[in-house]
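Trainee: I should like to learn how to read a structural model methodically. May we work through one together?

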Amino acid sequence: LRLEGGLRDALASRSFELVYQPKIQAAGGRLTGFEALIRWRHDGVPVSPADFIPVAEDTGMIVEIGRWVLDEACRTATRWSLDHGPVRVAVNVSARQLADPGFADLVEQVLRRHATPPDLLELEITETVIMKDVEHHLPALSRLRDRGVRIAIDDFGTGYSSLAYLRRLPVDVLKIDRSFVNDLPHAPDIASTVIALAQRLLLTTVAEGVETDEQRRWLAEAGCDCLQGYLISRPLSADAAEALVMTAF
Ligand code: G
Ligand code: G
Ligand code: MN
Ligand code: NA
């Protein structure tokens with residue numbers, strides 16, 4: 001309840017912030033974009049999104065918070081791209097946001113507002129959320145992807161993907177869950193299998209939670225496309241992320 005009140009105040013006063021975690025090409029190390037992650041200080045104390053996003057989901061506040069996240073991410077990606085060169089930003093979308101009948105409209109509205117090239121925006125949706133009600137989510141996802149928005153399946157390998165659906169789903173990217181990256185290099189079976197599957201389906205792979213040089217080397221050799229994790233960089237403030245973008249172009 002305390003969190004809930006705090007979230008309402010934070011929405012009203014816009015006291016959330018986005019940080020940006022870089023993603024790089026596994027081969028060559030070039031910056032490919034960022035994952036935007038929300039941050040909130042409640043009375044000066046940082047609260048993890050792992051704690052407040054579930055509360056925002058339960059209370060429905062996630063819809064308005066999600067709108068703010070999308071707006072801020074698109075505004076920023078557009079500005080960086082105009083000033084420096086094309087920078088893609090990925091945004092996490094939770095179950096309740098995706099279930100909202102106005103979701104696709106909202107995304108299109110935000111893209112228009114900032115004149116954002118749609119392919120600068122990537123939506124990260126967890127495997128569990130996307131697969132839970134595929135038929136229901138398909139129209140909105142297809143419409144957004146037809147517009148050029150990229151769709152990524154987050155935490156891939158932790159849910160139950162129907163391979164038949166995976167082939168039919170309008171997705172571009174599989175993000176290999178950090179637990180499988182953590183198993184590298186000694187227990188590589190799942191990471192190998194996901195990379196092979198993605199290559200077969202012509203999807204891009206991103207490994208999340210890359211923390212060691214051994215993991216990085218294994219992933220590059222296995223043909224994983226992109227890397228994200230503390231080894232590459234912690235999530236950065238908008239200013240620090242922009243400084244990185246400037247050196248990349
Ligand atoms: O940033 P951090 O690793 O603390 O994130 C914890 C969890 O919160 C992760 O599952 C992440 O996907 C989720 N998360 C972070 N930012 C957002 C956001 O803007 N929207 C949603 N829906 N989830 C987020
Ligand atoms: O669920 P999702 O994949 O969106 O989670 C993103 C979360 O993962 C963020 O909270 C981010 O801070 C965290 N994260 C990013 N890189 C690493 C990493 O290398 N190791 C660990 N343990 N967490 C990471
Ligand atoms: Mn994510
Ligand atoms: Na996520």
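The dialogue below takes up the overall fold, a helix pair, two ligand shells and one cysteine.

Mentor: This is a predicted model, in which local features need pLDDT of at least 70 and side-chain atom pairs count only at pLDDT 80 or more, while totals for chains, interfaces and linings use all residues. Residues are numbered from 1 along each chain as its sequence is written, and chains are lettered from A and ligands numbered from 1 in the order in which they are written.

Trainee: How many helices and strands does the chain have?

Mentor: Helices (H or I, at least four residues) and strands (E, at least two) are DSSP runs, numbered from the N terminus. The chain has twelve helices and nine strands. Its C-alpha trace spans about 50 × 40 × 35 Å along the principal axes.

Trainee: How should the packing of two helices be read?

Mentor: Two packed helices are described by the angle between their axes and the distance between the axes. Axes are lines fitted to C-alpha atoms, for helices over the stretch in contact, and angles run from 0 to 180 degrees between N-to-C directions. Here helix H1 (residues 2–13) packs against H2 at about 80°, the axes being 10 Å apart. The two helices are therefore roughly perpendicular, a term for angles of 65 to 115 degrees.

Trainee: Which residues of H1 and H2 meet?

Mentor: Two residues are in contact if their C-beta atoms, placed from the backbone, lie within 7 Å. Leu3, Glu4 and Leu7 of H1 meet Phe52, Val55, Ala56 and Thr59 of H2.

Trainee: Which residues surround ligand 1?

Mentor: A residue is near a molecule if its C-beta atom, placed from the backbone, lies within 6 Å of it. The shell of ligand 1 consists of Leu37, Ile38, Ser48, Pro49, Ala50, Ile53, Val69, Asn92 and Ser94. H2 gives the largest share, three residues. Strand S2 (31–42) and helix H2 (49–59) each supply at least two.

Trainee: And which residues are closest to ligand 2?

Mentor: Ligand 2 is surrounded by 13 residues, the closest being Glu208, Gly209, Glu211, Gly229 and Tyr230.

Trainee: Is Cys224 buried or exposed?

Mentor: A residue is buried if 20 or more other C-beta atoms lie within 10 Å of its own, exposed if 12 or fewer, and partly exposed in between, with C-beta atoms placed from the backbone. Cys224 has 29 such neighbours and is therefore buried. Cys224 lies in the loop between helix H11 (213–222) and strand S9 (226–227). Not counting residues up to four places away in sequence, Cys224 touches Ala26, Ile195, Thr205, Ala207 and Leu219. Of the 249 residues of the chain, 40% count as buried.

Key: Angles under 35 degrees count as roughly parallel, over 145 as roughly antiparallel, 65 to 115 as roughly perpendicular and the rest as oblique.
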